[in-house]
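The following questions and answers introduce a structure to a reader who meets it here in its initial presentation. Each answer sets a value against the criterion that applies.

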Amino acid sequence: MVKVLFVCLGNICRSPMAEAVFQQLVSDKGLDDKFVVDSAGTADYHVGEAPHEGTIQKLKEHGIATTGLMGRQVSIDDFTHFDYIVPMDEDNIHELRRLETLESNARLKKLLDYVPGTTVNEIPDPYLTGDFEETYALVSEACKFLLDDIRSENDL
Ligand code: 4NP
């Protein structure tokens, strides 16, 4: 099983969107039994909450399932449980590096760093921009590259 964790600040906008989009790609390729996909926030602001309605709406618009998404905060155990930890922006990766210990064997790399030649480094936060379509477009493009990378690294 390859375990993938998407991380943003609040775990209600970007990372649950990425989780749902990536899960859909995995399912479309018939790889459900090969992957565990989850998301978490560096902050505890929205623990136990459903995703932002803008994220839910955007996912539904694109025919992507939204079931089972619930806010949680990232924990130290995530670094030993997950193989790939995929933050959305520089602040997220900075916070994650503070939590990382020597036992961690997760690959920690931003989502857009999987996109070759991109000039955009961070997934914009629609909680601030209000533009869920812009975020969706970037997340969905980057998730395809991420899945391709993981498949080639793990012979899937
Ligand atoms: P996210 O967006 O990190 O993409 O889930 C945010 C959601 C909530 C807050 C900040 C960012 N907040 O400050 O509550």
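**Ligand contacts and sheet pairing**

A polar side-chain atom of His46 lies 2.8 Å from an oxygen atom of the ligand. The model is a predicted one.

Q: What makes the approach of His46 to the ligand a polar contact?
A: The limit for a pair of N or O atoms is 3.5 Å. His46 places a polar side-chain atom 2.8 Å from a ligand oxygen, so the pair counts as a polar contact.

Q: How do you know that Tyr127 makes a polar contact with the ligand?
A: A polar side-chain atom of Tyr127 lies 3.4 Å from an oxygen atom of the ligand. The cut-off is 3.5 Å, so this pair also qualifies. The protein covers 88% of the 350 Å² of accessible area that the ligand has on its own.

Q: Why are two residues of the shell around the ligand called charged?
A: The shell divides into six nonpolar, three polar and two charged residues. Among the residues around the ligand are Arg14 and Asp125. Asp and Arg belong to the charged class, so these two residues are counted there.

Q: Why are strand 2 and strand 4 said to stand at the edges?
A: The open sheet has four strands in the order 2-1-3-4, with parallel pairing. Strand 2 (35–41) and strand 4 (107–108) each have a single partner strand, so one side of each lacks a neighbour in the sheet.

Q: How do you know that strand 1 and strand 3 pair?
A: Pairing requires at least two bridges. Strand 1 (residues 2–8) and strand 3 (residues 84–87) share four bridges in the parallel sense, so the requirement is met. Phe6 stands opposite Val86 in strand 3.

Notes: Residues numbered from 1 in each chain as written. Predicted model: local features only at pLDDT ≥ 70, side-chain atom pairs only at ≥ 80, totals over all residues. Heavy atoms only, no water. Near = heavy atom within 4 Å. Polar contact = N/O pair within 3.5 Å; in protein donor to acceptor, adjacent residues only side chain to side chain. Areas by Shrake-Rupley, 256 points an atom, 1.4 Å probe, with all protein chains shown as cover. Helix = DSSP H or I, 4+ residues; strand = E, 2+ residues; numbered from the N terminus.
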